[in-house]
Each structure stands twice: as C-alpha cells, then as structure tokens.
Amino acid sequence: MRSTFSGLNAVMRGMAVQQVGLDTVGHNIANASTVGYSRQVVTTSTTRPELIYGTNGPMYIGTGVTVESITRARDTFIDHQLWKELASLGYGEMAQDTLSKIEGVFSEPKETGIQSVLNYFWEAWQTLGVNASDNGARITVRQRGVELVDAIQHAREQLRDMIYDINTVVEIKVNNINQICAEISSLNNQIAHVEFVGAQANDLRDRRDALVDELAKLTKVSVYEDKQGNYIIQTAGVTIVDSLGYVKLACVDDLTGELNTQYGYISKMVVVEGMTQPLNITSGELGGLLKARDVDIEGYLDKLATISKFLLTEFNAVHEAGYGLDDSTGIRFFGQQDDDFSTFTRMGDWLNALAVNKLLFEPESGLLKIAARSSLDQGGASGDNAIALANRLKLDQSDMLGKASLDTYYTTIIGQLGVDTQNAKR
C-alpha cells in the first residue's frame, strides 16, 4: 500500500533538486572571472516510479525528481583546437619579439645604423679620390673605417647577448614546463580517485585544463585521456605526463651546434633529464625561442661574417693593389698584415679578424700607407684607386655577396628583416 507521505516526499525531492540547481548557479556566478572555469550544468532525471493498484489494475505513479549529475559545459574538440592554436600563438609571439630586437640591433634607418656608417665610409673614399694627398681626407677615411668596424662588431656583440638572454629564458620555460607537468600529474591522481566512486571532479578538471592551456603555449602538445580520466600528454614525441607520473626536461650545453662550432657561443638544448639527445621542439614559445636563436640570430651573424669576409678579401685586394704616398703597396686596409686568412675554418674567424690594419695608425707613416693611387707613375694627388675602392662598396658586384654590391647586399638584409618581422606580427 502506498505511503501517506509519498506525495510529500516527491515535493521534498523537488525542493532538494532545485536547491542544488540554485547552488550550482551561484557557483557559476561566483567563478565568472576565474581563469579556466567551465560553467557547470545540473542534469536531472525522474526517480523510480511506485507501483500501485487501482480499480482498473496496476499502474505506476511518479515519485519525483533526482540529480543525475553535475557536469561541465565544455567541448573537448574545441579544447584540442585551442591547444593547437596556443602553440602557434606562443611561437609567433617569440618570433616577433626576437625579430623586433634584431631590428634594434641594426638600428635602421638611423644615423647609428650600419647603412649610414657604410655611406660615410663610401663618401670618405670619394672625397679622398678628389685629392689623395689631402691629410684630412686620409684621416677621415681611416676614422670611417674604424666606425664601420665598430658598428659591425657592436651588432655582433648585441646578437651574442641575445643568444645568452634566450638561453636564460629557455631554461626558465623548461622549468615552467616541469612545474606544470608535476601539477597535472598530481591532478591526474586526484581526479582518478574522485571519479572512481562515480563523482565528477569538475573543478579539478578545470584546473587541469587551465594548466594544459599554459603548457600548450609553451610547447606543442598532444593530449589524450585514458579510461581512468588521466591525461596522457606528449611533446616532441616524448610522453611527459601519464597515469604513472611525469618526465622532467632539462637544459644542457650544445657543444656541437652551429653557434658553437661557427662562433664559439654555447647554446642550450632541451633534453629529457639524464639524456643527451635534443628534443625537436618546433612550436610554442619554446620552439619560437629555439628557432629565433638557432636560425634567425645565427643567420644574421652569418651575414655580418660575410660582410667581414668581403672587406677582408675583396675590398682588401683593391687596396693591396694600390700605392700609398710613401710608394708602399700590398698593404691591407682591414685585418692585420700578418693574418693568415687561409687558416680560417669558421665564419666567426672573419668577424674576429675584422679591424683596421694597425699599420695605418703608425705615427709618422700610417696615413701615407692608405693606397689612393693605382700606380707609381701617378702623382701623389691621384686618387683613382680611392675611387675604385668606393666603387667596390657601392657599385661592383660580388659572387661572395650573391652577385650584389655590398650596399645592395646590406639593403637586402634589412629589407628581409622587415618582411620577417611583419610576417611574425601577422
């Protein structure tokens, strides 16, 4: 026989369910600005009906409502798409930041930029070509050469400092990845424990997803969920989080990398702790930093080294073929007279050697050795070789510079830098 209080019980159940709904709405409102919070939804279902007998036979009567579950209103497909795009965002931001700093290194278009210094150097040779016996013009040529060397070497030092700064930031990012993975691993255990008894660990899952958001911006990740609710996370082909724990990453010196072998600058590579094989991280903030250091910065060091090599070889060849006021010949303008360029095996060697020849600074005879004339038959006022040296900077094409003049080669460098920066911003 049906209880007298059955109807009251149905009402009580309804009130209890509505109270849960109100509590959930309050929880949603309270966390409206909480990072990573997912709106929660109460799912209800009817309770088991009660069998009663009437004049027409047996029938079922409803007994009320109950809370089936409280779940997150979240789309896992969108999560995975977001994590993919966060990696692209992080990569682009790091690329833009680094390229903007490289633009600052070259300081174009400004009077302190290498382009302006090259122009001043060219003008000095043009002036010397008008009257090669003028002592003031010779002093100007020598000083403009020093300014060009200083500008190139200063750019090199700034790029080197950027390498060291990126190494530091890479270590910080790797530590961040390790901390995030440790917390995700802990949350895996908590979520599995809560949901083992049939409950929904909504807030714990929100926290875990928020951490994956952070992780995805640092490096491209693949995320899978096992039957127990654990996240399995991989990056660069390595599982860094699973149901058993997490794998720590580390930074070690890359003694065989191009920056080390070409310029002597030690860069940091990312490895699994205890291993030596570098991880191929190509996306996210970490991927952007590694690419900026190992491709962009190294590429601009290569270009500075190429300019230095041109000055030490092809520009010097014109100067060595000329004659000074003291009838000296075979004198280099750049590099020291006893430097053996044939022993150079690294691009960095050309940058190291770039300096104005110290013979040109000798108190009595230094200025006389600037080779402004092309033969001994010409008078001291002849400056045809000075004009040839000016043309070597502005007009003459060089295979070393990709069949361009030095002026065009450098202009192309700056133009490409601007395009790369705009592309990173896009």
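**Rings, helices and cysteines in a predicted model**

K303 lies over the face of Y300, and the distance to the ring centre is 5.3 Å. That comes from a predicted model, as does everything below. A second charge-over-ring case turns up at R332, which sits over the face of F341 at 4.2 Å from the ring centre.

Rings also meet other rings here. The count of aromatic pairs comes to 17. Take F315 and F333: their ring centres are 6.2 Å apart and their planes make an angle of 80°, so this pair is edge-to-face. F315 belongs to helix α7, while F333 is in the loop between α7 and α8 (347-353), so the pair ties together parts that are 18 residues apart in sequence. Are these two residues buried or exposed? F315 comes out at 0% relative accessibility, which makes it buried. F333 is buried as well, with a relative accessible area of 0%. Neither ring stands alone, either: ring pairs join F121, W125, F315, F333 and F334 into a cluster.

Next, the helices. Helix α5 covers residues 202-218, which makes 17 residues, and it reaches 25 Å from its first C-alpha to its last. At 1.5 Å a residue, 24 Å would be expected, so the span of α5 is close to that value. How many of its residues are buried? Twelve of the 17 are, so α5 is largely enclosed by the rest of the structure. Charged residues are on that list too: R205, D206, R208, D209 and D213 are among the buried residues of α5. The others are N202, A210, L211, V212, L215, A216 and L218.

Helix α9 (residues 384-394) has N385, A386, L389, A390, R392 and L393 as its buried residues. Looking down the axis of α9, these buried residues fall within an arc of 155°, so they line one face of the helix. As background, an α-helix has 3.6 residues a turn, so residues three or four places apart point the same way. What does the buried set of α9 pack against? Its partners are α3 (114-130), α7 (284-321) and α10 (406-425).

Helix α7, one of those partners, is also home to G287. With a relative accessible area of 2%, G287 is buried. Leaving aside residues up to four places away in sequence, G287 touches Y91, L218, I281 and T282. L218 is one of the buried residues of α5, and its contact with G287 links that helix to α7. G287 also comes to 8.6 Å from M94, C-alpha to C-alpha, although 193 residues separate the two in sequence.

At the other end of the numbering, N28 is part of helix α1 (residues 6-30). Its relative accessibility is 16%, which puts N28 in the buried class. Residues up to four places away in sequence aside, N28 is in contact with Y37, R39 and Q40.

What about the cysteines? The structure holds zero disulfides. A disulfide, in general, is a covalent bond between the sulfur atoms of two cysteines. For C181, the closest cysteine sulfur is that of C251, and at 14 Å it is too far away for a bond. From the side of C251 the picture matches: this residue is in no disulfide, and its nearest cysteine sulfur, in C181, is 14 Å away. C181 has 1% relative accessibility and counts as buried. C251, at 19%, also counts as buried, because the cut-off is under 20%.

Finally, a couple of backbone oddities sit in loops. Which loop holds D327? D327 lies in the loop between α7 and α8. Its phi is near 65°, a positive value in a residue other than glycine. D327 has a relative accessible area of 43%, so it is partly exposed. K403 is not a glycine, yet it has a positive phi of about 60°. This lysine, K403, is in the loop between α9 and α10. With 58% relative accessibility, K403 counts as exposed.

Note on methods
Residues numbered from 1 in each chain as written. Predicted model: local features only at pLDDT ≥ 70, side-chain atom pairs only at ≥ 80, totals over all residues. Heavy atoms only, no water. Buried < 20%, exposed > 50% of the residue type's maximum accessible area, 1.4 Å probe, protein only. Helix = DSSP H or I, 4+ residues; strand = E, 2+ residues; numbered from the N terminus. Arc of directions from axis to C-beta. Contact = heavy atoms within 4.5 Å. Disulfide = S-S within 2.5 Å. Phe/Tyr/Trp six-rings, centres within 6.5 Å; stacked < 30°, edge-to-face > 60°. Lys NZ or Arg CZ within 6 Å of the ring centre and 35° of its normal.
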